[in-house]
Every structure is written in C-alpha cells, then in structure tokens.
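Okay, thanks for coming, everyone. Have a look at the model on the screen, and I'll walk you through it.

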Amino acid sequence: MRFDVFTLFPEIFESPLQVSILKRAQEMGRLEVVLHNIRDYATDKHHVTDDTPYGGGGGMVMKPEPIFAAVESVLGEALGEVPVILLTPQGRLFTQDVARELARHERIALICGRYEGVDERVRQHLATDEISIGDYVLTGGELPALVIIDAVTRLLPGVLGDPGALIEDSHTWGLLEYPHYTRPAVFRGWAVPEVLRSGHHAEIARWRRQQALRRTWERRPDLLAKAALSEEDRAFLQTLGWNAGDELVNEWENE
Ligand code: SAM
C-alpha cells in the first residue's frame, strides 16, 4: 500500500517510520510512504505557501496553488482514482471501521494542513474525503496522517507477526479488549487472575469474553449498541445491569 503525504514538514515523519512495525512493513514491501514537500511546488521566488485570510482575522491560510500543483503532479493520471484525504478537525471521525475501509485501497494521498488550515477550494475541488482523528485541534495534519498510516498498516496482510492480535483488538468487533497480564504471576502482592494460569483454554476464552463485555459496558457503553453480541453475551451483560437500548446509562457515566 502506498501513501503519498503532502506536507510542509516532512521531517516529522522520519522517526515514526523508522521503527518497529512501520519500519518492518516497509522492509517487507507492504508499505510505501512517499513524502512530498508542498513548498517545493510553490513557484514564486520565496516559495511562499501561506497567506493572510480574506476578510481579516488572525493566522495564516495555506494557499491553494502549491497544494493543487503538488497533488496533481504526483498523482498524474491516478487523480480521480486515488482517494485524496484532507486531514481536518471538521472531517468524518477516524475509527477502526474507517481504517479497515482505507486498508482496501492500494494508494492513498494525505494532505496535511497547518496554521488556520487550507484554502477552502482545496476541500471543495481537490480532496475526495476529509478525516478528523478526534474532537480536538492539533497544530498540523502530520500527526493525524501518521495515526492513519499506523492504524491502516497494521491491518495489511502479513504486517503483524501475530495476525490473531488483530482479531482480539479493541474495536475490531465493537468491544474493548480484555485485560492482559504477563510474568511475574504475583507483582507487589497483586496476582494474575487464577483462570489465566489454569491452562484451561475454554475457561480462558470465556473469562476474556466476559472481561471484554464488562469493560465495554463500564467504559464505553455506547459501543454495545453496534457490537455483535451472542445470546450468552447478552445474558452476561444483563447480570451487570445492561438492558439492550439503554447503553448510555451506567455507573461510569454517573461517576
Ligand atoms: N482552524 C481550523 C479549524 O478550526 O477547523 C483548524 C486548523 S489546525 C490548527 C491546522 C491543521 O491541523 C488542520 O488544517 C488539519 O490539517 C490539522 N488538524 C488539526 N486537528 C486535527 C484533527 N483533529 N484531525 C485531523 N487533522 C487535524
């Protein structure tokens, strides 16, 4: 999978792409990240990429010409086929479902804004999608781009050493994941739950499922409305006080 990233600060991407799974995915040929400095596409003498906003007000706005020039020259004939995603706090929220959707593409372009954002005509006439990584405002789109690259890359076939990890991950089935423990069995007097040391696989699977359900109910009851729940799951949740439909009322929220 190839990401073309359009940014004023390509250096931000260097270290995250040089370690761990993202590094390995590139070595395996599963991931290619090509960084394009928008400044290189500004044609004036000083390579200006921003200007003051029409209508006044503080801050600067990223000019449309260098962004259009960069994306059009890099994508060439692929323009119109490759999703061009504008990172913006006003976009649709990035979730695991969106990560799965993006992982189906062979190539994606990401436009990183800075300052007050990009000229509106980029959104209207160049971007094909707008994504926000959460309801907060960052200084630039580079971290959101890295978040997307990271979340999508670990979904690509063969990238994770243990593909089973993907199946259990939080949000994969609409639930938060169960808690994890490793050695020592007792740390400062806090013991690992007995069932995990029992070697009884069916009991462990049952315990983990119930922990995932409990956790989701306690922390993110809103997720239960869309989760794939079996009859056994429903019966267990009811012992916790859950009734289908009233996910939004629970102890966590009342704290
Ligand atoms: N003035 C803009 C607004 O209120 O919508 C925010 C601009 S922000 C300071 C600068 C850039 O950071 C944005 O153009 C966008 O690329 C990026 N950015 C900030 N927060 C983001 C978020 N939650 N998700 C995605 N991109 C974000």
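**Around the ligand**

So, who lines up around the ligand? The shell residues divide into nine nonpolar, nine polar and two charged. For that split, Ala, Val, Leu, Ile, Met, Phe, Trp, Tyr, Cys and Pro count as nonpolar, Asp, Glu, Lys and Arg as charged, and the others, Gly among them, as polar.

Quick housekeeping. This is a predicted model, where local features need pLDDT of at least 70, side-chain atom pairs count only at pLDDT 80 or more, and totals for chains, interfaces and linings use all residues. Residues are numbered from 1 along each chain as its sequence is written, and side-chain values use heavy atoms, with hydrogens and water left out.

Back to the ligand. It has 20 residues around it, where being near takes a heavy atom within 4 Å. The closest are Leu87, Gln90, Gly113, Tyr136 and Leu138.

Which strand gives the most to that shell? That's β5, with four residues. β5 (84-93) and β7 (129-132) each supply at least two. Strands here are DSSP runs of E, at least two residues, and helices are runs of H or I, at least four, numbered from the N terminus.

Now the polar contacts, meaning pairs of N or O atoms within 3.5 Å. A polar backbone atom of leucine 87 is 2.6 Å from an oxygen atom of the ligand. On tyrosine 136, a polar backbone atom is 2.9 Å from a ligand nitrogen. Threonine 88 also joins in, with a backbone N or O atom 3.3 Å from a nitrogen atom of the ligand. Taken alone, the ligand exposes 580 Å², and the protein buries 85% of that; those areas are Shrake-Rupley with a 1.4 Å probe.

**The rest of the chain**

Zooming out, the protein is divided into domain 1 (2-153) and domain 2 (186-254), with bounds from an automatic or database domain assignment. How far apart are their centres? Taken over C-alpha atoms, 38 Å separate them.

Two backbone oddities to finish. Arginine 183 and proline 184 are joined by a cis peptide bond, with omega about 10°. You'll find proline 184 in the loop between α7 (164-168) and β8 (186-187). The other one is histidine 47: its phi is near 50°, a positive value in a residue other than glycine. Histidine 47 is in the loop between β2 (32-37) and β3 (50-51).

Key:
A polar contact is a pair of N or O atoms within 3.5 Å; within protein, one must be able to donate a hydrogen and the other to accept it, and residues adjacent in sequence count only if both atoms are side-chain atoms.
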